[in-house]
Structure formats: C-alpha cells, structure tokens
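Colleague: I've got the model open on my screen and would like to go through it with you. Can we start with the strands and then move on to the helices?

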Amino acid sequence: MDIGAKEFKINGIKVKLNSKEYALLELLVIRKGSAITKRCILDQLYAGIETPTQKIVDVIVCKIRNKISKHIKDDVLMTVWGTGYKVE
C-alpha cells in the first residue's frame, strides 16, 4: 500500500478501490495488528457527518475482500467477532 500515492497494489498489480474502500484499508494498515471497532471505522470514514449504520462497514469490507481475492487467496482483512476488523 502506497499511502502517499493513494494506491494499493498486490504483486505489482494496482487494485482499484473507491475512496471509502481505500480509507478503510488505509486505517487498518496504519493500525496493523490492532482490532478496530466498526464505530471507529465509521467515525474515520464519515468524519462527523451523518453516518450510516455499522452494517455499511461490513459491506465495504466485503467489497475490498472481493477485489483482493482476485489476486491472492489469503484473506488479509480479519474479522474480530464482536469488535470489528484488523489486518495482520
């Protein structure tokens, strides 16, 4: 992940992410190894504006997983049940 260029690549291939997908993945990468709550993710993605329900986090994660799975088999986004998500 190239945070400066706002690009995400797997094996040198650029993976196209929309702004919310990129922001969520960037948050998890920056805090690698730590479980991030859905509430925290929503606060970061929507920064004080009217936020949707926490279910939207699951939808965004699902979209990211689908895009990543086209390039690698391992799931890099780990679900932390009852909490949220993390990247190892």
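Modeller: Sure, and let's begin with β3 and strand β5 (residues 84–87), which are joined by two bridges and run antiparallel. Keep in mind that this is a predicted model.

Colleague: Which residue of β5 stands opposite I36?
Modeller: β3 covers 36–37, and this strand runs antiparallel to β5. Across from I36, in β5, you'll find Y85.

Colleague: And what is the strand order in the open sheet?
Modeller: The sheet has three strands, paired antiparallel. β3 (36–37) and β4 (77–80) each have a single partner strand, so they stand at the edges, with one side of each left without a neighbour in the sheet. Reading across, the order is β3-β5-β4.

Colleague: How many bridges join β4 to β5?
Modeller: These two run antiparallel as well. T79 stands opposite Y85 in β5, and V80 has G84 as its bridge partner. The number of bridges joining β4 to β5 is four.

Colleague: Which residue takes a positive phi in the hairpin of β4 and β5?
Modeller: Look at the turn, where three residues lie between the strands. The phi in question is near 80°, and the residue that takes it is G82.

Colleague: Which helix packs on the sheet?
Modeller: The helix touches β4 and β5. Its direction makes about 150° with that of β4. The helix you want is α3.

Colleague: On to the helices, then. Are α1 and α2 oblique or perpendicular?
Modeller: Helix α1 (residues 19–30) and helix α2 (residues 38–46) pack at an angle of about 130°, with their axes 10 Å apart. Angles of 65 to 115 degrees would count as roughly perpendicular, and those over 145 as roughly antiparallel. The angle here fits neither range, which makes α1 to α2 oblique.

Colleague: What is the handedness of that crossing of α1 and α2, and which residues make the contact?
Modeller: The crossing is right-handed. By class, the contact residues divide into six nonpolar, one polar and one charged. They are K20, A23, L24 and L27 of α1 and I41, Q44, L45 and Y46 of α2.

Colleague: How do α2 and α3 lie, roughly perpendicular or roughly parallel?
Modeller: α2 and helix α3 (residues 55–69) pack at an angle of about 80°, with their axes 9 Å apart. The range for roughly perpendicular is 65 to 115 degrees. That makes α2 to α3 roughly perpendicular.

Colleague: How many charged residues are in the contact of α2 with α3?
Modeller: From α2 come K38, I41, L42, L45 and Y46, and from α3 come I56, V57, D58 and I60. Seven of the contact residues are nonpolar and none is polar. The charged ones number two.

Colleague: That leaves α1 and α3. How many charged residues does their contact have?
Modeller: These helices pack at an angle of about 90°, with their axes 10 Å apart, and are therefore roughly perpendicular to each other. K20, E21, L24 and L25 in α1 meet V57, I60, V61, K63, I64 and K67 in α3. By class there are six nonpolar and no polar residues, and the charged count is four.

Colleague: Which residues does K6 touch, leaving out those up to four places away in sequence?
Modeller: K6 sits in the segment before β1. From K6 to R31 there are 25 residues in sequence and 17 Å in space, C-alpha to C-alpha. The residues K6 touches are Y22 and E26.

Colleague: Last one: which element has the lowest mean pLDDT?
Modeller: The protein averages a pLDDT of 85, and 93% of the residues score at least 70. Among the elements, β3 has the highest mean, 94. The lowest, 76, belongs to strand β1 (residues 9–10).

How values were computed
Residues numbered from 1 in each chain as written. Predicted model: local features only at pLDDT ≥ 70, side-chain atom pairs only at ≥ 80, totals over all residues. Heavy atoms only, no water. Axes fitted to C-alpha atoms, helices over the stretch in contact; angles between N-to-C directions. Parallel < 35°, antiparallel > 145°, perpendicular 65-115°, else oblique. Left-handed = near helix turned anticlockwise from the far one by under 90°. Contact = heavy atoms within 4.5 Å. Nonpolar A, V, L, I, M, F, W, Y, C, P; charged D, E, K, R; others polar. Pairing = 2+ DSSP bridges. pLDDT = per-residue confidence, 0-100.
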